[in-house]
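Here are my notes on this model, as numbered points. Please read them with the structure open.

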Amino acid sequence: MKKILVPTDFSKEAENALKVAAQLAKKHDCEIYLLHMLELPLQEVDALSTHSALPEAMFFMKLAHQRFEEVMASEFLDGIIVHETVKANNTFSSVIDTCHENNVDMIVMGSHGASGFKEMFIGSNAEKVVRTSDIPVLVIKNEHANFTVNNFVFASDFKKDNKETYKQAVDFAKSFNAKIHLLMVNTANSFSTTEESNKRIKAFIKDYTFDNYTINIYNDETVEKGILNFSKMIDADLIGISTHGRQGIAHFFNGSISEDLVNHAKRPVITFKI
């Protein structure tokens, strides 16, 4: 891992994410790309028009630059190379495009989190990035003075198409010397016996030499609740989840588990695309 992208709206949540990214950057000798997306559609500005919005556009660009300068003067960024990036596009696709342009290895972003009707708006940015990103996304909810991962829950259905995401999770766990808690959640609608579940998980991990793990079968009303409740029970530092990255809600466990977790989990969530 050499490059980390942090989307920012200069909020407290974005600052929390940046602080975690800074700790990761120092640990792995990474550069940080700090991305701000302007709501002003600069691509539509016509400098030759009588009623050009160019002065207004320049004002907002200058204001964003000032905010960047304030952020990059933060003590927690000392010694880290930070790139100032502004996109005149207020859509989640700008995040992914910037990652591809700069060969970014991981996105670290803050999320307000929400429930009910509000999550359609407040949680939508992190949720959409999670859904479409082809690189790992680490979603931070709170401030972490010392971001450490000792207990890492990796929740999966443990089918073959998840194997690449498990490899990524193992690499991340190794960087923190963390224990992975392999978790399969049973629900009434999708049930398998403990013996069957154990057999599937063991077959899933048999090609990996990583041995710092536990196997866990947990029963709950929904997969999301099972992941959250199990993580709370063991006081996990991080929840890892796989996402197919498909559009709509049919991309994981026949539902939107990864997006729901991003919105509802109080602890950090990292997603890996299948």
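1. Start with F152. This is a predicted model, and the contacts here are read from its coordinates. Setting aside neighbours within four places in sequence, F152 touches A169, F172, A173, A178 and K179, among others. Its partners also include I180, H181, L238, I239 and G240. I270 and F272 are in contact with F152 as well.

2. F152 belongs to the largest nonpolar core, which has 44 residues. Together with V108 and L138, F152 is among the residues with the most contacts inside that core. Which helix gives this core its largest share? Helix α1, residues 12-28, supplies seven residues.

3. A separate core lies apart from that one and has 16 residues. Its members include C99, A126, V130 and I135. C99 has a relative accessible area of 4%, under the 20% cut-off, and is therefore buried.

4. Now the cysteines. C30 counts as buried because its relative accessibility is 6%, again under 20%. How many disulfides does the structure hold? The count is zero. A disulfide is a covalent bond between the sulfur atoms of two cysteines. No such pair is found in this model.

5. Next, the strands. β1 (3-7) and β2 (residues 31-37) run parallel and are joined by five bridges. V6 stands opposite L34 of β2. With α1 between them in the naming, β1, α1 and β2 make a β-α-β unit. Is that unit right-handed or left-handed? The unit is right-handed.

6. β2 also pairs with strand β3, residues 82-87. This pair is parallel too, with six bridges. Y33 has H83 as its bridge partner in β3. Why is β2 described as largely enclosed by the rest of the structure? Six of its seven residues are buried, so the description follows.

7. Last, D9. This residue sits in the loop between β1 and α1. Is D9 buried or exposed? Neither label applies: its relative accessibility is 46%, between the 20% and 50% cut-offs, so D9 counts as partly exposed.

8. The surroundings of D9 deserve a look. Its side chain makes a polar contact with the side chain of S11, at 2.5 Å. Beyond neighbours within four places in sequence, D9 is in contact with A14 and H36. R67 is 58 residues away along the chain, and the C-alpha atoms of D9 and R67 are separated by 9.6 Å.

Notes. Residues numbered from 1 in each chain as written. Predicted model: local features only at pLDDT ≥ 70, side-chain atom pairs only at ≥ 80, totals over all residues. Heavy atoms only, no water. Core = buried A, V, L, I, M, F, W, Y, C linked by side-chain atoms within 4.5 Å. Buried < 20%, exposed > 50% of the residue type's maximum accessible area, 1.4 Å probe, protein only. Helix = DSSP H or I, 4+ residues; strand = E, 2+ residues; numbered from the N terminus. Contact = heavy atoms within 4.5 Å. Polar contact = N/O pair within 3.5 Å; in protein donor to acceptor, adjacent residues only side chain to side chain. Disulfide = S-S within 2.5 Å. Pairing = 2+ DSSP bridges. Right-handed = clockwise from strand over helix to strand, strands pointing away.
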